[in-house]
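Colleague: I am new to this structure and would like a close look at a single part, the aromatic ring pairs, with whatever surroundings help me to place them. Could you take me through it slowly?

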Amino acid sequence: MIELLDSNVFGESSGGGDGKKYNITVSAFLGDVDSNGVLQLPTAQEDLVLTGVKEIPAACLSNKFKDTRIKSLLAPDLETLSNDISLYYAFYRSDKTAYSMESASFPKLETISGIQAMASCFQKTGLKEVSFPKLKTISGTYSLMSCFESCDLKSVSFPELTTISGSSALSNCFAKCTELTDIFFPKLETISSSDAFSYLLPSAKEGVALHFKSGMETTVQGLSGYPDFGGTSTVILYDL
């Protein structure tokens, strides 16, 4: 397991932090060096835990774990992603078939407002599960664009999400997710950008069901790309 420790922000704390630089422990992550001094990839996948990290500076983790063998991500203390491209292409893989990412969990994350904050974050990782139990607001332009493209998610829920206001916030978010069957938005009330769901599901599994609460009919029907949102035979339900 790789555990990155910081009381306030990733790496060197600033602003509201205490000014100290925290240790970053990387165990068997970068791999070994051979007899010629050439860095070798690790032989096993690793779990990444961002302990104590409440926010991530702009571009801080952009492309940082590209093509690495991260098996799971846990950000137990992350509360907001307000900076631009903070997780942009963070875990992207060039070859989806090489290694699959099992899970990603953000148990305290409430707001995603940075421009492209998580754009292509997990693209082609084969991610199987993702959890946003407290996420309430997505307001950044392109904030989740292609975030889960070509992942192996089967069902995704945003149980506390009430507001989506970022332009093209979910554009291509679930593109090429060929295992996906359902996406749940039980508390979603406000979608202020008409293109928030544009091309949400291109080349995803046929017949993906989008679940909204009763009363959202007019709002959803007024969105660009309704009713398929780039997918094929997309099912729109107001059953929550």
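Modeller: What follows starts with the ring pairs and then turns to a loop residue and a sheet. Please keep in mind throughout that this is a predicted model. A pair of aromatic rings is described by the distance of the centres and the angle of the planes.

The structure holds 17 aromatic pairs, and one of them is formed by F65 and F91, whose rings are stacked, with 5.3 Å from centre to centre and 10° between the planes. Where do F65 and F91 lie along the chain? F65 belongs to the loop between β3 (46–51) and β4 (70–74), while F91 belongs to the loop between β5 (80–81) and β6 (103–105), so this pair ties together parts that are 26 residues apart in sequence. As for their surroundings, F65 counts as buried because its relative accessibility is 8%, under the cut-off of 20%, and F91, with a relative accessible area of 3%, is buried as well.

Another pair, F197 and F229, has ring centres 5.6 Å apart and planes at 55°, so the pair is tilted. It too links distant parts of the chain, since F197 sits in the loop between β13 (190–191) and β14 (209–212) and F229 in the loop between α1 (217–221) and β15 (235–238), 32 residues apart. Both F197 and F229 are buried.

Returning to the loops, D77 is placed in the loop between β4 and β5. A polar atom of the side chain of D77 lies 2.7 Å from the backbone nitrogen of G52, and, leaving aside residues up to four places away in sequence, D77 touches T51, G52, V53, K54 and K108.

The strands β14 and β15, already named as neighbours of the loops that hold F197 and F229, also take part in an open sheet of four strands, which runs in the order β10-β12-β14-β15 with parallel pairing. At the edges stand β10 (155–157) and β15, each with a single partner strand, so one side of each is left without a neighbour in the sheet. On average, and with direction ignored, neighbouring strands of this sheet are turned by 15° against each other. Within the sheet, β12 (residues 182–185) pairs with β14 in the parallel sense over four bridges, and F185 has F212 in β14 as its bridge partner.

Definitions and conventions
Residues numbered from 1 in each chain as written. Predicted model: local features only at pLDDT ≥ 70, side-chain atom pairs only at ≥ 80, totals over all residues. Heavy atoms only, no water. Phe/Tyr/Trp six-rings, centres within 6.5 Å; stacked < 30°, edge-to-face > 60°. Helix = DSSP H or I, 4+ residues; strand = E, 2+ residues; numbered from the N terminus. Buried < 20%, exposed > 50% of the residue type's maximum accessible area, 1.4 Å probe, protein only. Polar contact = N/O pair within 3.5 Å; in protein donor to acceptor, adjacent residues only side chain to side chain. Contact = heavy atoms within 4.5 Å. Pairing = 2+ DSSP bridges. Axes fitted to C-alpha atoms, helices over the stretch in contact; angles between N-to-C directions.
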